[in-house]
2 protein chains.
Amino acid sequence: MTTTDRLDEDVPATTAPVVTRTPPVLPVRRVSMADVARRAGVSAQTVSRVSNGHPGVVAATRSRVLDAMAELGYRPNSAARALKSGSFRTIGVILFSLGTTGNVRTLEAIAASAAAEGYAITVIPVEAPTQDGVHGAFTRLGELAVDAIILLMEVHLLDVAQVSLPPGVEVVVADSDAGDRYAVVDTDQADGSRQAVEHLLDLGHATVHHLAGPAHSFAAERRADAWRRTLEAAGRAVPPVEHGDWSAASGYEAGRRLAGRADCTAVFVANDQMALGLLRALHDAGRRVPEDVSVVGFDDLPESGEFLPPLTTVHQDFAEVGRRCVAQVLRQVREGVHETGTRLVPTRLVRRASTAPAPGGR
Amino acid sequence: MTTTDRLDEDVPATTAPVVTRTPPVLPVRRVSMADVARRAGVSAQTVSRVSNGHPGVVAATRSRVLDAMAELGYRPNSAARALKSGSFRTIGVILFSLGTTGNVRTLEAIAASAAAEGYAITVIPVEAPTQDGVHGAFTRLGELAVDAIILLMEVHLLDVAQVSLPPGVEVVVADSDAGDRYAVVDTDQADGSRQAVEHLLDLGHATVHHLAGPAHSFAAERRADAWRRTLEAAGRAVPPVEHGDWSAASGYEAGRRLAGRADCTAVFVANDQMALGLLRALHDAGRRVPEDVSVVGFDDLPESGEFLPPLTTVHQDFAEVGRRCVAQVLRQVREGVHETGTRLVPTRLVRRASTAPAPGGR
DNA sequence: ACACTCGATGTTTGCGCAAACATCACGTAC
DNA sequence: GTACGTGATGTTTGCGCAAACATCGAGTGT
């Protein structure tokens, strides 16, 4: 330790755990339309009209009502409004985890798109059933105050988690395969993988190894499938697949195994985080990237361009996926139709410094 | 290009943009308690009692009602319930961006804690006012169907975004400084920074450079302040500060500038993403880490252990921050008290491979 | 000058639910 | 046998809002 003490005394604002209480302002019944109406000397209906911007209220009356609203601090009760209108103006997003970049970025786009449409987003994390018997509070999703649901997970996991979607609520699915039952919006996993593998083959590599995601993952399967098909279509050998769990640490482990294979000159990694770990494993094993081994990732994280070396990867347009999910689900809600089928969002390869011609050519 | 065509034809499920429509099932008025009551041959009130698990319903009646519910697919209308009870069982989380790891991880913990308490989370992204005049749909936060709000941003940004918190709603703030007005839960930024700087000084570095976050950020200020104080308390020179915007790319830029300073043997970086870019900049400049330059980050991302080299960093317990936010805000809601004051969540230094004794000792 | 139109505003009503209160059928005490 | 308690169930009511309908007054055409 050096000489400084804790610095707390100098920064009282953040460190003093002082708790002041203001007395419970006792059941302050919230001001209702009737209160505003009384104050403004009009009927409740007129307040409603002003509140909703309906026409047919003369300017003088309108401003009198607005003044009353401001003085009383009126804010409409959305429960009552929802009860009347039957709509909550809210979309539920069900997901397993916020731990993956894809989910988060998609959620962000969903939230932004929904806000632009005047909808709020309710996030519903469902727990893996690995937890002891106690399930999350949302086994009864039916009670959620949402008009529609976007499922940001694989459909079959719903069963695993022992939750069932409420009937009569519109659903759009991302990141899964259920185009026969639901409207699905997804990244074009297959085409992105094809681009990645072809890029490596074009560089002269005899074949391409693959570090896949977890076995049960739909996205991981899609990417591995497309990798295999592309190799087969080009008449190349299909090396055994390595599996990770999407984490950088699992990428490191798999990378140690791959580094040991002398024939491994090119790796297509199913996401950028695992690619990060793989890069470190190759570095530790003395295999240079890209001189000895070329690496392509999948996702294009904001920081992938700062890896050592900057990572060539498949760019996913999470924002577009989110936007389309919202557009689709709102269309279903508004038009009252239930649609099925899959819409794919294109991907594109971003070439950086982690890929190079095969050592020795071919 | 190699020989493969697009693979689409082989994977019809994900690629066929077929849209089937089922006819709008016309105003399917949702089944209400009255419907269930009629079916079960009881009164609506009895249905209500069963629905809420109230005692005083004989077993035979109860099961008759439950059967009717199941047959009709009844699910309670949360709008009506909220209208009666005055509570939505929902907490709003207001944030600027889901682009920072801290926000996301905290949000995740908030969602999990809230779910455990039977509360849902509504995410409200507010837009930076840099957008042309059009503000988000949530300028009128007052209409949100929430019982309380957790503010995951700096309070003063509310003004910047021209939104104001609805009166009468309980608020808890994270990642900001407003302990005089609100209950605040925050990471102990100052102590974490102190640990980082002292660690570097203990390793024999004459002083420590700092790559700070954006100037307007509260967290960035706190970390820079503590860095400066710790150096001053140890009687060391305080080098000029570099600034980034939290992104890895900005870390690279700042790293290029720092790499040019011969006296720079130790850098405390305000977050791990910038540290990633800084590592690459040092590498590109031929400065070895940790032999020539030691680097300490802040956050401890899941992948920070896979950087090249694995990053020594300050671990933030985002999950604990989230949990405390929920606990605090629910306490305020349930007990009807408004509290102020700040609670700090401790941090700890995680030592990995990016720090080493100063070159040449001192 | 009269009937009539039309815009501004007020009144009634019911959304689904759950407290509060009412009723009803038993059983028990004396 | 009468009175009364007890527990199960039914009835009434109103939460806050906004459609639907009612009313009212001022203008318009002839």
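1. In this predicted model, the cover over the buried residues of H3(B) includes helix H2 (33-40) and helix H4 (59-72) of chain B. The residues of H3(B) that are buried are B:Thr46, B:Val47, B:Ser48 and B:Val50, and just after this helix B:Gly53 adopts a positive phi of about 65 degrees.

2. B:Thr46 also belongs to the account of DNA strand D, since of the 25 residues around that strand the ones that come nearest are A:Met33, A:Gln45, A:Tyr74, B:Thr46 and B:Thr61. Three polar approaches may be listed for this strand: a polar backbone atom of A:Met33 is 2.5 Å from a phosphate oxygen, a polar side-chain atom of B:Thr61 lies 2.4 Å from a phosphate oxygen, and a polar side-chain atom of B:Arg49 lies 3.0 Å from a base nitrogen. The elements giving two or more residues to the surface near DNA strand D are helix H3 (44-51) and helix H5 (78-85) of chain A, together with helix H3 (44-51) and helix H5 (78-85) of chain B, and the largest share, four residues, comes from H5(A).

3. Sugar or phosphate accounts for 56% of the atoms of DNA strand D that lie within 4 Å of the protein, and bases account for the rest. The surface near this strand comprises nine nonpolar, eleven polar and five charged residues.

4. For DNA strand C, the residues that come nearest, of the 25 around the strand, are A:Thr46, A:Thr61, A:Lys84, B:Met33 and B:Tyr74. A backbone N or O atom of B:Met33 lies 2.5 Å from a phosphate oxygen of the strand, a polar side-chain atom of B:Tyr74 lies 2.6 Å from a phosphate oxygen, and a polar backbone atom of B:Asn77 is 3.1 Å from a phosphate oxygen. H3 and H5 of chain A, together with H3 and H5 of chain B, are the elements that give two or more residues to the surface near DNA strand C, and H5(B) gives the most, with four residues. Of the atoms of DNA strand C within 4 Å of the protein, 56% are from sugar or phosphate, and the surface near the strand divides into nine nonpolar, eleven polar and five charged residues.

5. Turning to charged pairs, the count over all chains comes to 32 salt bridges. One of interest is formed by B:Arg280 and A:Glu306, whose closest N and O atoms are 3.1 Å apart; this pair crosses between chains, from helix H11 (residues 272-284) of chain B to the loop between strand E10 (294-299) and strand E11 (312-315) of chain A. Both B:Arg280 and A:Glu306 are buried.

6. B:Arg280 forms a salt bridge with B:Asp284 as well, with the closest N and O atoms 3.7 Å apart, and these two residues of helix H11 of chain B are four residues apart, about one turn of the helix. B:Arg280 counts as buried because its relative accessibility is 12%, whereas B:Asp284, at 45%, counts as partly exposed.

7. The side chains of B:Arg343 and B:Glu339 also meet in a salt bridge, at 3.1 Å from N to O. B:Arg343 counts as buried at 15% relative accessibility, and B:Glu339 counts as buried at 0%.

8. A further buried acidic residue is A:Glu242, which has a relative accessible area of 9% and is found in strand E8 (residues 242-243) of chain A. Its side chain makes a polar contact of 2.7 Å with the side chain of A:Arg257, and, beyond residues up to four places away in sequence, A:Glu242 touches residues including A:His210, A:Leu211, A:Ala254 and A:Arg261.

How values were computed
Residues are numbered from 1 along each chain as its sequence is written. Chains are lettered from A and ligands numbered from 1 in the order in which they are written. This is a predicted model: local features need pLDDT of at least 70, side-chain atom pairs count only at pLDDT 80 or more; totals for chains, interfaces and linings use all residues. Side-chain values use heavy atoms; hydrogens and water are left out. A residue is near a molecule or strand if one of its heavy atoms lies within 4 Å of it. A polar contact is a pair of N or O atoms within 3.5 Å; within protein, one must be able to donate a hydrogen and the other to accept it, and residues adjacent in sequence count only if both atoms are side-chain atoms. Ala, Val, Leu, Ile, Met, Phe, Trp, Tyr, Cys and Pro count as nonpolar, Asp, Glu, Lys and Arg as charged, and the others, Gly among them, as polar. Buried means under 20% relative accessible area, exposed over 50%, partly exposed in between (1.4 Å probe, protein chains only). Contact means heavy atoms within 4.5 Å. A salt bridge is a side-chain nitrogen of Lys or Arg within 4 Å of a carboxyl oxygen of Asp or Glu.
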